[in-house]
Protein chains: 2
Amino acid sequence: MTNATRTWAGTTLADRRAIRRQQLIDAGIELLGGGDTAAVTVRAVCRTAKLTERYFYESFADRDALMLAVYEHVAESARQAILNAMVDVEPRPEALARAAVTAFVELLIDDPRKGTVLLLAPITEPALNKRGSELLPTFTAMIHDQLPDSYDETDRKLTATSLVGALTYLFISYLDGSLDVPRDRMIDHAVRMLVAAASP
Amino acid sequence: MTNATRTWAGTTLADRRAIRRQQLIDAGIELLGGGDTAAVTVRAVCRTAKLTERYFYESFADRDALMLAVYEHVAESARQAILNAMVDVEPRPEALARAAVTAFVELLIDDPRKGTVLLLAPITEPALNKRGSELLPTFTAMIHDQLPDSYDETDRKLTATSLVGALTYLFISYLDGSLDVPRDRMIDHAVRMLVAAASP
DNA sequence: GTACGGTGACAACGACCGTTTCCAGTTGGA
DNA sequence: TCCAACTGGAAACGGTCGTTGTCACCGTAC
């Protein structure tokens, strides 16, 4: 019988399970962040996490469940980083956009694996297609709703979609090194696109 | 011994081999155009082409070789469609851009599988990563070189990359139905972005 | 001190993949 | 007519995957 309160090596069962779960998610980020979806096998994740397969299925129903957990974990950390950057800035649209973009780009630089997971993995990994085809459209809808009324509905859709495409490809190119420009110039360019679209 | 000149059912060996090769490529377009890279197995391609595995390896060294051939075949048809549309149009930049974009969009509508192969498959399929990470940068470089001198080098890179990202994501969204706008408006928007970037 | 829950390593299973090989049948020129 | 080339179907091989099961060990609570 399982007793969650019984201590073991100074920790409870629930604690140890949570730690192992986090180890598996970290291993997932490490592997999925490498860009090669096929490399993220259950065996590889367990080897990276220094755990055995039995513990994998202790925390996740199947491989897809880990993929989703990894993605959600990274997405949440990005959300927090962006929100934190936006709280202590004057509430002008341009300043807010700059803060958000800067925070996101800094996240990418600080840990490129996270950028890969966020931008590339949802396209590459079938298990994330559904969830991933949720975040970009959500982002698109957010921009769509901020656009001025001087555009008609069709123009707003087109502008929002173009913006999201431009930003994601910009970041992806920056990530993989094919876009060789100073960080500040890229942030400037991204912010300028956002501001230009928002002005009537 | 193989005798390529001997006729068989009214055709030569070389003819029949070419036909089978084309059947396999068509099957590859059909499957790869479905968007699910993992569905493109050698067995599935052969079943779709109504041929057996032996004929697969008669025309292609391995699975990757078929993938490349499929991609090149589609890319070539797109190149031809675009060039044909540009020859009989007045040589003003805007008219040329409009002709090219219109031709490409019409190709997408005429056969969405080709659009999927061109825009999605290079990201999804490892065998095409190298080749696919060649076409978009080539396109980016083309735009980059057309941009006016009033931009500095960094600005040209940023603008070209943003444009390519915006256009591809626009087309992908249009392809999968998530961008519900009239065809003409999308073409207009795409052309407008190109023209706006080119004007100093 | 001992019994038991937690642990770790790893074999085993069935499925699918890419690739090769075999074989029985058909076709057309010598 | 006979034989060699070509055809079509399918089995077979070696490998990897996701997933489950087994078994010996070890630390802790009683």
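This is a short tutorial dialogue on reading a predicted model with chains A and B.

User: Before we start, which conventions apply to this predicted model?

Analyst: Residues are numbered from 1 along each chain as its sequence is written, and chains are lettered from A and ligands numbered from 1 in the order in which they are written. Because the model is predicted, local features need pLDDT of at least 70 and side-chain atom pairs count only at pLDDT 80 or more, while totals for chains, interfaces and linings use all residues; side-chain values use heavy atoms, with hydrogens and water left out.

User: Happy with that. How many residues does helix α9 of chain A have, and what span does it reach?

Analyst: Helices are DSSP runs of H or I with at least four residues, strands are runs of E with at least two, and both are numbered from the N terminus. The expected span is 1.5 Å times one less than the number of residues. Helix α9 of chain A covers residues 183–198, which is 16 residues. From first C-alpha to last it reaches 23 Å, close to the 22 Å expected.

User: Which residues of α9(A) are buried?

Analyst: Buried means under 20% relative accessible area, exposed means over 50%, and partly exposed lies in between (1.4 Å probe, protein chains only). In α9(A) the buried residues are Met186(A), Ile187(A), His189(A), Ala190(A), Val191(A), Met193(A), Leu194(A) and Ala197(A).

User: How many disulfides are there over all chains?

Analyst: A disulfide is a covalent bond between the sulfur atoms of two cysteines. The test here is a pair of cysteine sulfur atoms within 2.5 Å, and the count over all chains is zero. Cys46(A) is buried at a relative accessible area of 2%, and Cys46(B) is buried with 2% as well.

User: Now the interface. What area is buried between chain B and chain A?

Analyst: The size of an interface is often given as the accessible area lost when the parts come together. Here that loss uses a 1.4 Å probe and is summed over both parts. It comes to about 2200 Å², with carbon and sulfur atoms giving 65%. On the chain B side, Leu158(B), Tyr169(B) and Arg185(B) lose the most area to chain A, together 27% of what that side buries. Counting contacts (heavy atoms within 4.5 Å), 27 residues from chain B and 26 residues from chain A take part.

User: How many salt bridges cross that interface?

Analyst: Side chains of opposite charge can pair when their charged atoms come close. The rule asks for a side-chain nitrogen of Lys or Arg within 4 Å of a carboxyl oxygen of Asp or Glu. It finds four across the interface; one of the salt bridges in the model joins Asp155(A) to Arg185(B), with the closest N and O atoms 3.5 Å apart. On the side of chain B that touches chain A, α9(B) gives the largest share, 13 residues.

User: Where is Arg98(B) found, and what does it touch?

Analyst: Arg98(B) sits in helix α5 (residues 93–110) of chain B. Leaving out residues up to four places away in sequence, Arg98(B) touches Ile187(B), Asp188(B) and Val191(B). Arg98(B) also shares a salt bridge with Glu94(B) (3.5 Å, N to O). Those two lie four residues apart in α5 of chain B, about one turn of the helix. Glu94(B) is partly exposed at 33% relative accessibility, and Arg98(B) is partly exposed at 30%.

User: Which salt bridge does Asp188(B) form?

Analyst: Asp188(B) meets Arg192(B) in a salt bridge (3.2 Å, N to O). Both lie in helix α10 of chain B, four residues apart. Asp188(B) is partly exposed at 26%, whereas Arg192(B) counts as exposed at 54%.

Note on methods:
Buried area is the accessible area (1.4 Å probe) that two parts lose on being put together, summed over both.
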